[in-house]
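Me: I should like to learn how to read the packing of helices in a protein model. Could we work through an example together?

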Amino acid sequence: MGGAGAPWCSRRPVRRPWSGGKMAAVSLRLGDLVWGKLGRYPPWPGKIVNPPKDLKKPRGKKCFFVKFFGTEDHAWIKVEQLKPYHAHKEEMIKINKGKRFQQAVDAVEEFLRRAKGKDQDLTIPESSTVKGVMAGPMAAFKWQPTVSEPVKDADPHFHHFLLSQTEKPAVCYQAITKKLKICEEETGSTSIQAADSTAVNGSITPTDKKIGFLGLGLMGSGIVSNLLKMGHTVTVWNRTAEKEGARLGRTPAEVVSTCDITFACVSDPKAAKDLVLGPSGVLQGIRPGKCYVDMSTVDADTVTELAQVIVSRGGRFLEAPVSGNQQLSNDGMLVILAAGDRGLYEDCSSCFQAMGKTSFFLGEVGNAAKMMLIVNMVQGSFMATIAEGLTLAQVTGQSQQTLLDILNQGQLASIFLDQKCQNILQGNFKPDFYLKYIQKDLRLAIALGDAVNHPTPMAAAANEVYKRAKALDQSDNDMSAVYRAYIH
């Protein structure tokens, strides 16, 4: 266990005012079962555990690192917000009757039954810190409930945030951080944020549903690898290659007909439509109850059309485009934007945990497509600006490396900035995100702006630069090859 013997884990007297009046001092220590309270939300059962070795304790606060039952959430909890589990069990059960809460209490009781005669522990395995995701050493969850919205459910964990991380054998793959964040668009509440992403879940339980996957390009190949590594049963289809370890379907229709949930990740709106509506396409395999999840980055009209035809056959539909690149796909660190069938979104939970660090649910079909285009519009415009800055530095006699060093010490510092600048400085444009696809996304984002009469002049300017790069045969290089549009 990482951090064993740290001074903050030792016994210390604490007082807890959140049950009316002062309490006598109570000693807590590593391994104790407790009730932990966060903000205005109800107390929740958990266990004091060791944090990952790279996770720093918040400064100036007396707190313990707690793993909550029934949710796989973790958080630093102030000592005044903790109570011993057994002494306050009846009190807590009386004030909380939610279904999720009862499931959490049942999980505690099951843990206690199994612990008899055994040395059971919920210790979180050590993990490497994900650098650059969130700044600062704080690892406490910050609840920010919508003021006008009353708390409707006793379980903030499932409704707002699920944080988990898996550590895999070093021989096979690197440790992957998983963070699933659910965005409640209907209530306007995006209430929980983690200031540090290093809390860990010891395992992901794969769904028992049969999974299909269509498309093994830069993104799809990494996604399938992570689904397989997490124990999912996957049947794949691709026009060119088979994925080792997965079953091979002959046609998209066959994959859909033999699987419970089929994911697809292809290049553009035309490919997405052809995959569903073409000969032996997805639609031919859809029947009542079959589920289809389109992870392609397309426009809202395309995804709405696909949803309508799938649902018309009795199928269930979810759009779930992903933000990231090939490396993030391989590492299981994608950001997933989902919209459509909420029940299907929940059924995909273990899959999304395997492939991504974060998942947002954005409401009705079309919302994820719009948000994804906006995200990529910002990213594509930023990349064009980086390239413009590096070329201006060069023609004015300034060191490009020094410019990068300065940027990396300032507010723009990011993994994206550093990697893309390194590509340019080294002249290495091996594709991590195809230039032709970011130009496609810029074009679709501009069309989205046109549809609502909203100006997108920065995106339009960046789009022209990418079009110039495509004319210079840079389509199949990385997006950072937009640099070449400035030097020709």
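**Reading helix crossings**

Reply: Let us begin with one pair of helices in this predicted model. The axes of α12 and helix α14 (residues 415–426) come within 11 Å and cross at roughly 50°.

Me: How is the crossing of α12 and α14 to be classed, and why?

Reply: Angles that are neither roughly parallel, roughly antiparallel nor roughly perpendicular count as oblique, and the perpendicular range starts at 65 degrees. With a crossing of roughly 50°, α12 and α14 are therefore oblique to each other. As for handedness, α12 passes α14 in a right-handed crossing.

Me: Which residues of α12 and α14 meet?

Reply: From α12 come Gln379, Phe382, Met383, Ile386, Ala387 and Leu390, and they meet Phe416, Leu417, Lys420, Cys421 and Ile424 of α14. By character, the residues of this contact divide into nine nonpolar, one polar and one charged.

Me: At what angle do the axes of α12 and α16 cross?

Reply: Helix α12 (residues 367–395) and helix α16 (residues 457–471) have axes that cross at roughly 60° and come within 9 Å of each other. That angle makes α12 oblique to α16. Here the handedness is left-handed, as α12 passes α16. On the α12 side the contact is made by Met377, Gly380, Ser381, Met383 and Ala384, and on the α16 side by Met458, Ala459, Ala462 and Tyr466. These residues divide into seven nonpolar, two polar and no charged.

Me: How should one read a single residue: is Asp301 buried or exposed?

Reply: A residue counts as exposed when its relative accessible area is over 50%. Asp301 has a relative accessible area of 64%, so Asp301 is exposed. The residue is found in helix α8 (residues 300–312).

Me: How far apart are Asp301 and Lys370, in sequence and in space?

Reply: Separation along the chain and separation in space are read independently. Asp301 and Lys370 lie 69 residues apart in sequence, while their C-alpha atoms are 9.8 Å apart in space.

Me: What share of contacts in the chain joins residues at least 24 apart?

Reply: Among contacts between residues at least 6 apart in sequence, 67% join residues at least 24 apart.

Me: What may be said of the chain as a whole, beginning with how many helices and strands there are?

Reply: The chain holds 17 helices and 20 strands. Of its 488 residues, 51% count as buried. The chain exposes about 22400 Å², and carbon and sulfur atoms supply 51% of that area.

Notes: Residues numbered from 1 in each chain as written. Predicted model: local features only at pLDDT ≥ 70, side-chain atom pairs only at ≥ 80, totals over all residues. Heavy atoms only, no water. Helix = DSSP H or I, 4+ residues; strand = E, 2+ residues; numbered from the N terminus. Buried < 20%, exposed > 50% of the residue type's maximum accessible area, 1.4 Å probe, protein only. Contact = heavy atoms within 4.5 Å. Areas by Shrake-Rupley, 256 points an atom, 1.4 Å probe, with all protein chains shown as cover. Axes fitted to C-alpha atoms, helices over the stretch in contact; angles between N-to-C directions. Parallel < 35°, antiparallel > 145°, perpendicular 65-115°, else oblique. Left-handed = near helix turned anticlockwise from the far one by under 90°. Nonpolar A, V, L, I, M, F, W, Y, C, P; charged D, E, K, R; others polar.
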